[in-house]
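The following exercises are intended to be worked with the sequence and the coordinates at hand. Each task is followed by a solution in steps.

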Amino acid sequence: ETVTSYDAHSNTAGLLIDRFLNVPPNLSFTEEYGLVCFPDKGAMNRYSGSVTRPVFYAEKVRDQKTGWITHYDIVSNIQPTDHDIIVVDDLCDGGMTFNILADKLHSVGVGKLDLYVTHGLFSKGIGELLKKYNRIITTDTRFSNINLDHAAVQSNQWRKIRDSVKNGRLVIKDHFGTVEGR
């Protein structure tokens, strides 16, 4: 049998598991943007061959004592000013990386700014991200078994996610790339 993963965060599984298959995400929807931004060189190396739009990436600058990201430097021959941009990565946990990157991109005057992450954990919620990104696109790898209208999903964090799906600011695609109408 084959062990199949969808956009695995690391290639370690492929080294440790026989017959491991990693299925990459379908990024064809990025064609509607002027530019594609990757939050680091690793994401650029991983995904740039899967998109047709011009790409650039940013480098995190960390405080050497704390390890915290202090800011981003944009690495590009392209000026992102006035372009509609989608940021693409595999995983969003708390969102700090993407919030700091959005601040940097907004500071240079980008147009519409959207975020795509294959696996949206959103452990700190999506409120801060929605202040900086027009729309967040993720897959159902996190949300496939969650009924966002169920009474048990009534914390403020889950209500924000449910309401964002309903108003179109959070788009959840099935992990084969088809938009689900939830």
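**Exercise 1: Cysteines and disulfides**

Cys37 is buried, with a relative accessible area of 0%. Determine whether Cys92 is buried or exposed, and state how many disulfides the model has.

Solution. The model is a predicted one.
Step 1. The relative accessible area of Cys92 is 1%. Buried means under 20%, so Cys92 is buried.
Step 2. A disulfide requires two cysteine sulfur atoms within 2.5 Å. By this rule the count is zero disulfides.

**Exercise 2: The length and surroundings of helix H3**

Check the span of helix H3 (residues 96-107) against the value expected for a helix, and identify what covers its buried residues.

Solution.
Step 1. Helix H3 has 12 residues; at 1.5 Å a residue, it should span 16 Å.
Step 2. The end C-alpha atoms of H3 are 17 Å apart, which agrees with the expected span.
Step 3. The buried residues in H3 are Thr97, Phe98, Asn99, Ile100, Leu101, Ala102 and Leu105.
Step 4. Their cover includes strands S3 (35-38), S4 (55-62), S5 (69-75), S6 (85-92) and S7 (113-120), together with helix H4 (127-132).
Step 5. Gly109, which follows H3, has a positive phi, near 80 degrees.

**Exercise 3: The setting of Thr139**

Which element contains Thr139, and which backbone atom lies 2.4 Å from a polar atom of its side chain?

Solution.
Step 1. Thr139 belongs to strand S8 (residues 135-139).
Step 2. With a relative accessible area of 2%, Thr139 is buried.
Step 3. The atom in question is the backbone oxygen of Thr118, 2.4 Å from a polar atom of the Thr139 side chain.

**Exercise 4: The chain as a whole**

Describe the order of the elements and the extent of burial in the chain.

Solution.
Step 1. There are five helices and nine strands. Read from the N terminus, their order is β-α-β-β-α-β-β-β-α-β-α-β-α-β.
Step 2. Of the 182 residues in the chain, 40% are buried.
Step 3. Among contacts with a separation of 6 or more, 54% join residues 24 or more positions apart.
Step 4. The accessible surface is about 9,700 Å², and carbon and sulfur atoms contribute 48% of it.

**Exercise 5: Confidence**

Which element has the lowest mean pLDDT, and which the highest?

Solution.
Step 1. The mean pLDDT is lowest in helix H5 (residues 156-166), at 75, and highest in S3, at 97.
Step 2. Over residues 178-182 the pLDDT is below 50, although this stretch has 13 contacts in the model beyond near neighbours in sequence.
Step 3. Where pLDDT is low, predicted coordinates should not be read in detail.

Methods
Residues numbered from 1 in each chain as written. Predicted model: local features only at pLDDT ≥ 70, side-chain atom pairs only at ≥ 80, totals over all residues. Heavy atoms only, no water. Helix = DSSP H or I, 4+ residues; strand = E, 2+ residues; numbered from the N terminus. Buried < 20%, exposed > 50% of the residue type's maximum accessible area, 1.4 Å probe, protein only. Polar contact = N/O pair within 3.5 Å; in protein donor to acceptor, adjacent residues only side chain to side chain. Contact = heavy atoms within 4.5 Å. Areas by Shrake-Rupley, 256 points an atom, 1.4 Å probe, with all protein chains shown as cover. Expected span 1.5 Å × (residues − 1). pLDDT = per-residue confidence, 0-100.
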